[in-house]
Amino acid sequence: MASGVKFGWAAALLIAAGGASAQQLAPSPTLDAIKARGHLECGVHLGLPGFSFANDKGEWSGLDVDYCRALAAAILGDATKVKYTPTSVQQRWPILQSGQVDVLSRNTTITFSRNASLGINFQGINFYEGQTFIVRTAAGAKTPKDLDGATICVAAGSTEEKNAADWYRERNMKVTIVNFQKNDDAIAAYDSGRCDAYTAGVGALAGQRIKLKTPGEHAIMSELISKDPQGPVTRYGDERFQAVVRWVLNGLITAEELGVTSANVDEMKAKSQSGDVRRLLGVEGGFGAMLGLSNDWMYNAIKQVGNYGESFERTVGQGSPLKLQRGYNQLWTKGGLLFSPSFQ
């Protein structure tokens, strides 16, 4: 009887262990497809300097593009294994939903209705954004309230279109909102004089301003009318791939927090005695294997792309034409909002 009880417990433990193992190793159709084709399909903006922009050689760069590169490095070991699909505001959802792209890394605001009604999940925040306006300096408008009665250009279907309408209606102020299918069409219309102002997130405005005929004659207002956190997006289902997308972003943020950079990652991997660093870089813990990846997944991402701070400074920060301050996008340890769950 006693041996039967022991056998029963042992069997139960084996079943439980097997169940846990099966759950950890649940298949990921998206990961399998990426590995089979040998590249990541990443949806990006049509062309926004600092975030996702292709030069005349077709080479993409930007904060959102860097995320695609880091994800490819984590999955395939090679940050260059990415095919970029430019998407407009209207195209981004059907392209993701249909499976044409694996992930969307395109300055897209996280909202309740998008998450609840479009069959998509947001996998973290890679850019804290806020909406404001760009105006001609000579016009003298300093704050959004100075635009009462103005005509405002905006991309149709964007959160900015709704935010602007709500903001002025709540204050019993009147503006005429003129929407366009593409951000580029909206900023071009503003540049041609069709509108008094163009509205978008601060980062987007900084990227769009350098496209204007005379950038120095236009000012970006400092007062914000919204908060617009943005981050990579996946479609419903395939929880393991969603975990990969989420933890690559967390890994880039954690790397900055731990002081792991593209320049010192080899030394940190070889010599660091920090448990956090060793787990992040695959020296111990087997975290990559838990996701269906090699254990040097984050080593590859950091080595080839850099940590979050390196990417920010290179693409939209002081080392870029946009010269944005870190602001909310600074680490929480330095007064910002950037925070990652622990690699435990």
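Begin by selecting helix 6 (159-170), strand 10 (197-201) and helix 8 (202-209): each supplies at least two residues of the lining of the largest cavity. Helices (H or I, at least four residues) and strands (E, at least two) are DSSP runs, numbered from the N terminus. The model is predicted, so local features need pLDDT of at least 70 and side-chain atom pairs count only at pLDDT 80 or more, while totals for chains, interfaces and linings use all residues. Residues are numbered from 1 along each chain as its sequence is written, and side-chain values use heavy atoms, with hydrogens and water left out.

**The largest cavity**

A cavity here is a set of points, on a 1 Å grid over the protein atoms alone, where a 1.4 Å probe fits but cannot get out; lining residues have an atom within 4 Å of a point. Grid points are joined across faces, edges and corners, and a volume is the space filled by probe spheres set on the points. The structure holds 2 cavities of 30 Å³ or more, and the largest contains about 150 Å³ of space. Select R106, N107, S158, E160 and N183, which lie nearest the centre of the largest cavity among its 20 lining residues. Strand 10 gives the largest share of this lining, 3 residues.

**Helix 8**

Next, colour helix 8 by accessibility. Of its 8 residues, 6 are buried (under 20% relative accessible area; exposed is over 50% and partly exposed in between, with a 1.4 Å probe and protein chains only). The buried residues of helix 8 are G203, A204, L205, A206, G207 and Q208. They pack against strand 7, helix 7 (183-191), strand 10 and strand 11 (218-220), where contact means heavy atoms within 4.5 Å.

**E129**

From A204, move to E129, in the loop between strand 6 (120-122) and strand 7 (131-136). A polar atom of the E129 side chain lies 3.5 Å from the backbone nitrogen of A204. Leaving aside residues up to four places away in sequence, E129 touches G201, V202, G203, A204, S226, K227, D228, P229 and Q230. Which side chain of opposite charge is nearest to E129? It is R106, 11 Å away; E129 is buried yet has no salt bridge. A salt bridge is a side-chain nitrogen of Lys or Arg within 4 Å of a carboxyl oxygen of Asp or Glu. Lys and Arg count as positive and Asp and Glu as negative, whereas His and the chain ends are not counted.

**Salt bridges of helix 6**

The whole structure has 11 salt bridges. Return to helix 6 and select D166, which is buried at 18% relative accessibility. D166 forms a salt bridge with K162 (3.0 Å, N to O), 4 residues apart in helix 6, about one turn. K162 is exposed at 55%. D166 also meets R169 in a salt bridge (2.9 Å, N to O); R169 is exposed, with a relative accessible area of 53%.

Then show R171 and E170, whose side chains meet in a salt bridge (3.7 Å, N to O). E170 is exposed at 56% relative accessible area, and R171 is partly exposed at 34%.

**Two positive phi values**

Most residues other than glycine have a negative phi. Select D238, in the loop between strand 12 (233-235) and helix 9 (239-258); its phi is near 55°. D238 is buried, with a relative accessible area of 16%. Finish at K323, in the segment after helix 14 (308-315), with phi near 50°. Is K323 buried or partly exposed? At 47% relative accessibility, K323 counts as partly exposed.

Key:
A polar contact is a pair of N or O atoms within 3.5 Å; within protein, one must be able to donate a hydrogen and the other to accept it, and residues adjacent in sequence count only if both atoms are side-chain atoms. On a 1 Å grid over the protein atoms alone, a cavity is a set of points where a 1.4 Å probe fits but cannot get out, and a pocket is an open set with protein on both sides within 12 Å along at least five of seven lines; lining residues have an atom within 4 Å of a point.
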